[in-house]
Amino acid sequence: MGTTELIWNGVAAFLVLSIYSFLYKDNPFYKFAEHLVVGVSAGYFAMILYYNAFLPKLIHPLSSGQYWYVIPGILGLLMWARFSRKWQWLSRPTLGFVIGSGAGVAIPLYLQNYVLRQLSASMLPVGFSSWPQITNILIIIMVFCALAYFYFSKEHTGVFGGAAKFGIWTLMVGFGAGFGMTVMGRVALLAERVVFLRDYFHQLWNAVF
Amino acid sequence: MESRSARHRLTLRAILRSLALGSAILLASPVWSLAQDDLSSSWFNPHRVNMLVFLVVFFGFIIYFIQRAKKGKSLFIRRIAGLDAIEEAVGRATEMGRPVLYISGIEDVDNIQTVASMIILGNVAKMVAQYDTPLFVPICRPFVVPVAEERVKEGYAAAGRPDAYNRDNVRYISDEQFAYAAGVNGIMLRDVPAANLMFGSFFAESLMLAETGFLTGAIQVAGTANIHQLPFFIVACDYTIIGEELFATSAYLSREPKLLGSLKGSDLAKAIIMGLLALGAILETAGVTSFTKWFFIE
């Protein structure tokens, strides 16, 4: 590892430790790292948007004669009206456009992934002749009960209430499994940082002594 | 003079609407060329008939119930337990003389969860305005800032306290997920809000936020439809609004006919889905697989 790399890795190690110091309590090192990451990300995203959106999606098309791109350009400019109390309402069509187009794209996608595919995957053969068939009965009952929990047009009382309660227990079982899986992922991230710190200090030791 | 100004404003609005429509057409132009390239001769994709049927039926239900709600017909929705938790959290912050922190997730304003969160924010703003409690709203996406500002302002106005609205309390932090989380954690530690309300779309930052809020001793109410993040809110928050309850909460609070109608329509759709599921399972058991296959989209 060269001197330059050692210095930059030293900066990275310092920032990692500054962020981890939050585990003890709020302190100047954490504050420094926090302000640095917020500031750097603001500048970074401004540049990302400039090079990945503003130039290729507005300036380049306009300079190649595709003048209709001026329409989204004007909509973008209208967002600046937010700074004026008198004219801030001018930004609403832009917001309406963003929300409307977002919903238009999302609705079929959600219907496909979260309704039709799930429904198709839950239509399983049931019976008592084999374990998979018995498990399928359990899956279907759980899906029914979970749907009952999210049924808002009826109070959760009586048999329906019991089904909804079983539904929430079903969800909790799923959440528990999800929690365990994600925590394992986070532990893997921690392990990666610990390995980075270990390697850095090892190389620093070798470089100094 | 005033009518002339109003006329000018209407003309300007019409121009702006045309601009928005023009942009929509522009946005659709790549889809047009794609359709011409890929399907060459057909505008209708027969593999997606199931999607069309579902969209027509579901939207039919929703439009029907919206019309009913608009006519003033009573549409029953059970009370969501999380609503009491929101009121309790705001009440506690008022008693302690400390602010309320409202986090609207990290997705942009085109995400339906962010939209639902904004509706809840309006009601929270109304509540805090009545109690004269400060409200901080740190935002992750620039486009969400104006919407949040409008909602908070409307909330304060609805409570009869427009003068108490402080625009600086709705703050943009950062687009970057973990920078945002670090910034919000800083607010939690330094301003020590007594209540943290987290509604919207959250990802890996959910546990960082909820855990920090837990350490500061704040009462926390969270809600998201991101299934993978719900476990973290459940373990670290005092009350969690799960999945679709988030949308139901926004409908319940606003009593807006469109939201109520959507919720009732989706309830009816759920009942139909249950029926289809039962029918599908029976047919699968009988060896008929074509019914199940009809729902599958490649």
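**Note on chain B and its contact with chain A**

1. In chain B, the axes of H4(B) and helix H9 (residues 245-254) cross at roughly 35° and come within 9 Å. The model is a predicted one. The crossing of H4(B) and H9(B) is left-handed.

2. On the H4(B) side of this packing are B:Gln113, B:Ala116, B:Ile119, B:Ile120 and B:Asn123, which meet B:Leu246, B:Phe247, B:Thr249, B:Ser250, B:Leu253 and B:Ser254 of H9(B). Sorted by class, the contact of H4(B) with H9(B) has 6 nonpolar and 5 polar residues, and no charged residues.

3. Chain B contains an open sheet of 6 strands with parallel pairing, in the order S3-S2-S1-S4-S5-S6. Strand S3 (170-172) and strand S6 (239-242) of chain B are the edge strands, and each pairs on one side only. On average, neighbouring strands of this sheet are turned by 15° against each other, direction ignored.

4. The pairings around S4(B) can be taken in turn. S1(B) and S4(B) run parallel and are joined by 5 bridges; B:Leu101 stands opposite B:Asn196 in S4(B). S4(B) and S5(B) also run parallel, again with 5 bridges, and the bridge partner of B:Met198 in S5(B) is B:Ala222. As for burial, S4(B) is mostly covered, with 7 of its 7 residues buried.

5. The connection from S4(B) to S5(B) deserves a separate point. S4(B), helix H7 (residues 205-215) of chain B and S5(B) make a β-α-β unit, which is right-handed.

6. At the S6(B) edge, strand S5 (residues 219-224) of chain B is joined to S6(B) by 4 bridges, and the two strands run parallel. Here B:Gly223 stands opposite B:Ile241 in S6(B).

7. H6(B) lies across three strands of chain B, namely strand S1 (100-105), strand S2 (135-139) and strand S4 (195-201). Relative to S2(B), H6(B) runs at about 160°.

8. The contact between the chains takes 56 residues from chain A and 59 residues from chain B. On the side of chain B that touches chain A, at least two residues each are supplied by helix H1 (2-39), helix H2 (49-70), helix H4 (112-131), helix H5 (144-158), helix H6 (177-191), helix H8 (230-236) and helix H10 (257-285) of chain B. H10(B) gives the largest share of that side, 12 residues. By class, the residues of the side of chain B that touches chain A are 37 nonpolar, 12 polar and 10 charged.

9. Two of the helices described above recur at the chain contact: H4(B), which crosses H9(B), and H6(B), which lies across S1(B), S2(B) and S4(B), each supply at least two residues of the side that touches chain A.

Terms used:
Residues are numbered from 1 along each chain as its sequence is written. Chains are lettered from A and ligands numbered from 1 in the order in which they are written. This is a predicted model: local features need pLDDT of at least 70, side-chain atom pairs count only at pLDDT 80 or more; totals for chains, interfaces and linings use all residues. Two residues are in contact if their C-beta atoms, placed from the backbone, lie within 7 Å. Ala, Val, Leu, Ile, Met, Phe, Trp, Tyr, Cys and Pro count as nonpolar, Asp, Glu, Lys and Arg as charged, and the others, Gly among them, as polar. Axes are lines fitted to C-alpha atoms, for helices over the stretch in contact, and angles run from 0 to 180 degrees between N-to-C directions. A crossing is left-handed if the near helix is turned anticlockwise from the far one by less than a right angle, and right-handed if clockwise. Two strands pair if DSSP finds at least two bridges between them. A residue is buried if 20 or more other C-beta atoms lie within 10 Å of its own, exposed if 12 or fewer, and partly exposed in between; C-beta atoms are placed from the backbone. A crossover is right-handed if, with the strands pointing away from the viewer, the path from the first strand over the helix to the second runs clockwise.
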